[in-house]
Amino acid sequence: MKYKSQKVAYMFFALSMVLLLLQIVYGFIMAFAHAGYDGLHEIIAFNTATATHKNLLVVWLLSGFMGAAYYIIPEEAQRELVSVKLVLIQFWSLAIVGVVAVAGFHVGWWEGRKFLEIPRALDYLVVVNVLLFLGIILVTLFKGKEKTTTAMVLAMGLFFAALLYLPGMIWFDNQSMDSFFRWWVVHLWVEGVWELVMGGILAFLLIKLTGVDRELIEKWLYVIVGLTFLSGILGTGHHYYSIGAPKYWLMIGGIFSALEPLAFLGMALFAFAMYRKGEKNHPNKTALYWTLGTAIMSFAGAGLLGIAHTIPQVNMWTHGTLVTAMHGHLAFWGAYAMIVFSIISYSLPLMTGRKLYDTPGAHYAFWLSNIGMIGMTTAFAAAGVAQVYLERKVGLDFMVSQNALHAHFWVLIGAATLFTIGIIYYVVNFFKHGMPTDEALIDNK
Amino acid sequence: MLSKNQARLFFLGGTVVFFLIFLALSVNTVSSGIPKKTHSENITEAVVGGKVLFDENNCMGCHTIFGEGAYYAPELTKVIDRRGEAFVKGVLSSKVPWALHGRKMVAYDFSEKEVNDLIAFFKWVNEVDLNGFPPEPDLKK
């Protein structure tokens, strides 16, 4: 750690860890309900559980991105954050809005709009919070000595992520219009600007972990984020096949969705090429595992499983089934959860001065969570394909086909248990590091 | 070999070009595509009332509509065609959790006006042109 104010990242990462654990609890509630055990129905109905599960994901990932930005920007800009006091205000308001939103879902204070269930009144607070965050980051960056490509790409990703939240706040009487603009937020986040955030963090980590020349890494960063937007923007079309939008989206969405894996493939090849070129003597192997892991798993989950579902001829049958859950889980895990884990694994020992990488617990965390998530994805795939066949091809009643899927949900619960053990190892290892300290500062003169 | 400046140009140029194409298509979709496909002139006060209820109760948190939502309860886009109005009214006004084949739905106990609004909403949804979704089961005997 080079600057005292980088320590604030710790709070955001700690919040991420707590919300992630809570997210997993709600995942289990849903999996048991799918397997036929909905004992909590009266207290936490399925729609409460799913809203909580999805929004906790969004909030903990955003908290992780914010922590990443607070850690990376001072180091790249070569100066302290402009105000630690403002960061503290921003942190606590984020935590409070998050908790109020989740509590609200349990008493029916929400909007029934997938991923954007947070009610409008709270949306305005989210906007104020994010503006404060952006203000701190951008002012620090522009007052800094250097404006590196890595920092600019990261800041640009965060800026556009904030901007794109706005179309989701407009009310439409027409369900199709509502859906059309909901995807402006959700799709252009996860298959657009969040990839800039991911690319920026990845570039920072590769520079630090491999020792390869910054100019080379940043050149390829431009190419990869360029490919992301080239495919991802018009790739939004794959959400418009069957919501009452014109037919031309089938062709446009189909073609550009087919290009989307290229950006992820580029990212994976890039990460490995830089690793091979690098010095391979950085002691923090755990951070390296997560960094290379996120490059592979995002290609598998977001890239390959994405295209497996977005080809129009396939999507006609799989749209609105558990096949979506298959793609969704590995994509979010591979691209976004793992990049947050990467930056935490890298920065935590530097903030706390405790070098707990290469411990058995750190390795168990990596392998168990990844193997568990692959197992979960496979269970969702089996359930999804069976559902498509029984319900869509053979024409069985929805619930008759659902009752035939219980076995797949038991497999899901088993794999999720493995995943959870891995996550618990990670969280325990996280808190074992203790608090960040100024004693961990290294002389940067 | 590609220089960093060329790479930056590829990123910025590509993003601007593709975003403008996306914007143009979106304008077309919003101004004429969706209104025509959804028969937006048929969106009455009752349909809007139904949509508000659909949102307020997070129906999408279990069901799908236009294939969007959660995968815990049946797709509702063609529910009027599939089940008929009387059946749907029965489900919506049930005072105990509806649980056909075992899986429970929250007992909403909607008033008569609310039920009629939701039915109007589903009837409107039923007529939206979804480019062939959901497809007819092709292995049905």
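This is a short tutorial dialogue on reading a few features of a predicted model.

Reader: Let's start inside. Which residues have the most contacts inside the largest nonpolar core?

Author: As a general idea, nonpolar side chains in soluble globular proteins tend to be buried together. Here the largest nonpolar core has 203 residues, and those with the most contacts inside it are Trp189(A), Trp194(A), Ile201(A), Trp333(A) and Phe122(B). Helix α6 of chain A, residues 175-210, gives the most to this core, with 23 residues. Domain 1 (1-38) and domain 2 (42-141) of chain B both contribute residues, so the core lies between them. The centres of those two domains of chain B, taken over C-alpha atoms, are 35 Å apart.

Reader: What is Trp333(A) in contact with, leaving aside its neighbours within four places in sequence?

Author: Its partners include Trp290(A), Met297(A), Phe341(A), Met373(A) and Phe419(A).

Reader: Now a helix. How do I read α9(A), and where is its kink centred?

Author: Compare its reach with the expected span: the 26 residues of α9(A), 285-310, reach 36 Å from first C-alpha to last, close to the 38 Å expected. A kink of about 25° is centred on Ser298(A). The helix α9(A) is mostly covered, with 19 of its 26 residues buried.

Reader: And the backbone of chain B? Which residues does a cis peptide bond join?

Author: That bond joins Phe133(B) and Pro134(B), with omega about -10°. Pro134(B) sits in the segment after α5 of chain B, as does Asn131(B).

Reader: What about phi of Asn131(B)?

Author: Phi there is near 55°, a positive value in a residue other than glycine. Asn131(B) is buried, at 15% relative accessible area. Asn58(B) has a positive phi too, near 45°, and is buried at 1%. Look for Asn58(B) in the loop between α2 and β1 of chain B.

Terms used: Residues are numbered from 1 along each chain as its sequence is written. Chains are lettered from A and ligands numbered from 1 in the order in which they are written. This is a predicted model: local features need pLDDT of at least 70, side-chain atom pairs count only at pLDDT 80 or more; totals for chains, interfaces and linings use all residues. Side-chain values use heavy atoms; hydrogens and water are left out. Domain bounds come from an automatic or database domain assignment. A nonpolar core is a set of buried Ala, Val, Leu, Ile, Met, Phe, Trp, Tyr and Cys residues joined through side-chain atoms within 4.5 Å. Buried means under 20% relative accessible area, exposed over 50%, partly exposed in between (1.4 Å probe, protein chains only). Helices (H or I, at least four residues) and strands (E, at least two) are DSSP runs, numbered from the N terminus. Contact means heavy atoms within 4.5 Å. The expected span of a helix is 1.5 Å times one less than its number of residues. The bend at a residue is the angle between axes fitted to the seven residues ending there and the seven starting there.
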